[in-house]
Amino acid sequence: MRSLLLPGFWGAIVAGCLLRFWKLTAVSFWYDELWTVVGASGRPFVEMYREWILGDDHPPAFFVANFLWFKLVPPTEFWARVPHAVIATVTVIYVLAWTRRVLNRDERLMAAGLMALCSMNIHYALEVKQYSAMILLATVATVCYLEIVQSGRMGRRTGILFTASCVGIAHLNYFATVYAGLLLLLLAATFRDNRVVLRQILRSGAVFGVCYLPVAYFLYLQLAYPGGTQPPTNAAAFVSDLLAAVFFDDRVFLRGALIVFAIALLTTVVLRPQVRATLGSRRNGHLLLIWIAMTGFMLALGAWKPIFFPRYFFITFPALLIGVGILAAATFPPRASWLAVLPLVFFARGAVIEFQA
């Protein structure tokens, strides 16, 4: 069964990666892209800082990176967008190939498929926006967090990678700053009784704090001088749009698929005690905690600011997609069950919808 299904899963993942390059230059720059490209090319750094960076609602790292990039390449649609398509593809490859210490083979396959065909991942891979880099670094930080929790130690390689990815996402997005801080706080709380690991975590937090100092002024400007607000959206529309952003925009098919998945998962948990024990692992508990904590923060902030739009919740997607991948692998294991054809149909439908879109 595995030999029959695996080519299909691989095909869906490859299709999702190719969609990140499909018609990369077919559409001209739209306003947000044009704002970045015009501001970061063909002008002195001081002018870009004064007229663009100070007026942007994101940290300055993305503008600076584009400023340096456009010193090497022309500011065309292809050269401006191709780094984001590459970065978004690397995210899928990372989940598939470099998460062996945290995820088993089936989990990597399912999570990589979800990452590859996530509608918002594909959307921002085709735009000059900082979100593809943010998702890659947030995914790395999340996986490193799980590795630390699972192993009970912060190895040198994992610690450097975790700290660097936390610093990176904090320099790209203010909500991602909260996510990075949340990961550090949860690690500190988890290892509060282990002085050796706690000392390493605190050292990582100190490095993060020092590296964030250049961004603190821009965060202050955002809080002190907030820009125009967006109109509020109703809860039903937000949930529907969010599901379409996480998966793909076929609302009827998606609702049916999620119902089937929920029934199959519940049946599996009830009938297979070993799966129930696996899903209740320390790793999965922490992954759920990360997602609940960050989503809870966003929902609480939404009571004060109109942020109920999928792109603001994008930072929660890595934990969510990895978690759904783990559940899907436990419910439809490609190595052991013909029912794995169901997620394969789901991926195939997602690939078709994204290709049409």
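Axes here are lines fitted to C-alpha atoms, for helices over the stretch in contact, and the angles between their N-to-C directions run from 0 to 180 degrees. With that in hand, the tour can begin; please keep in mind throughout that the model is a predicted one.

**Stop 1: helices α5 and α6**

Select α5, which covers residues 77-97, together with α6, which covers residues 105-117. The axes of these helices come within 8 Å and cross at roughly 170 degrees. Angles over 145 degrees count as roughly antiparallel, and α5 and α6 are therefore described as roughly antiparallel to each other. To see where they meet, show the side chains of Thr91, Val92, Val95 and Leu96 on α5, and on α6 those of Arg108, Leu109, Ala111, Ala112, Met115 and Ala116, which together make the contact. Sorted by class, this contact of α5 with α6 holds eight nonpolar residues, one polar residue and one charged residue.

**Stop 2: Thr89**

Stay on α5 and select Thr89, which lies in this helix. Is Thr89 buried or exposed? Its relative accessibility is 13%, so Thr89 counts as buried. If its neighbours within four places in sequence are set aside, the residues in contact with Thr89 are Cys17, Arg20 and Phe21. For a sense of scale, select Arg276 as well: the C-alpha atoms of Thr89 and Arg276 are 33 Å apart in space, and the two residues are 187 apart in sequence.

**Stop 3: Lys23**

Next, select Lys23 in the loop between α1 (2-19) and α2. Lys23 is not a glycine, yet its phi is positive, at about 55 degrees. With a relative accessibility of 58%, Lys23 counts as exposed.

**Stop 4: the pair Lys129 and Asp32**

A search of the whole structure finds 10 salt bridges, and one of them can be shown by selecting Lys129 and Asp32, whose side chains meet at 3.3 Å, N to O. Which parts of the chain does this pair tie together? Lys129 lies in the loop between α7 (119-125) and α8 (131-151), whereas Asp32 lies in helix α2 (residues 31-40), so the salt bridge ties together parts that are 97 residues apart in sequence. Colouring by accessibility separates the partners, since Lys129 is buried, with a relative accessible area of 10%, while Asp32 counts as partly exposed at 27%.

**Stop 5: the network around Glu147**

Now select Glu147 with Arg101, whose side chains meet in a salt bridge at 3.0 Å, N to O. Arg101 lies in the loop between α5 and α6 and Glu147 in helix α8, so this pair ties together parts that are 46 residues apart in sequence. Add Arg157, which also forms a salt bridge with Glu147, with the closest N and O atoms 3.3 Å apart. This second pair links distant parts of the chain, Arg157 being in helix α9 (residues 156-170) and Glu147 in helix α8, 10 residues apart. Through these shared partners, Arg101, Glu147 and Arg157 are joined into one network of salt bridges. Within the network, Glu147 counts as buried, at 11% relative accessibility, Arg101 is exposed, with a relative accessible area of 55%, and Arg157 counts as partly exposed, at 43%.

**Stop 6: the nonpolar core**

Turn next to the largest nonpolar core, which has 112 residues and in which Tyr145, Phe162, Tyr179 and Leu187 have the most contacts. Which helix gives the most to this core? It is α8, with 14 residues. Centre the view on Phe162 and, leaving aside neighbours within four places in sequence, show its contacts: Ala141, Cys144, Tyr145, Ile148, Met154, Leu183, Leu184, Leu187 and Ser204.

**Stop 7: His171**

Finish by selecting His171, in the loop between α9 and α10 (174-190). His171 is buried, with a relative accessible area of 19%, which lies just inside the cut-off, since buried means under 20%. Not counting residues up to four places away in sequence, His171 touches Pro59, Ala61, Cys211, Tyr212 and Val215.

Methods
Residues are numbered from 1 along each chain as its sequence is written. This is a predicted model: local features need pLDDT of at least 70, side-chain atom pairs count only at pLDDT 80 or more; totals for chains, interfaces and linings use all residues. Side-chain values use heavy atoms; hydrogens and water are left out. Helices (H or I, at least four residues) and strands (E, at least two) are DSSP runs, numbered from the N terminus. Buried means under 20% relative accessible area, exposed over 50%, partly exposed in between (1.4 Å probe, protein chains only). Contact means heavy atoms within 4.5 Å. A salt bridge is a side-chain nitrogen of Lys or Arg within 4 Å of a carboxyl oxygen of Asp or Glu. Angles under 35 degrees count as roughly parallel, over 145 as roughly antiparallel, 65 to 115 as roughly perpendicular and the rest as oblique. Ala, Val, Leu, Ile, Met, Phe, Trp, Tyr, Cys and Pro count as nonpolar, Asp, Glu, Lys and Arg as charged, and the others, Gly among them, as polar. A nonpolar core is a set of buried Ala, Val, Leu, Ile, Met, Phe, Trp, Tyr and Cys residues joined through side-chain atoms within 4.5 Å.
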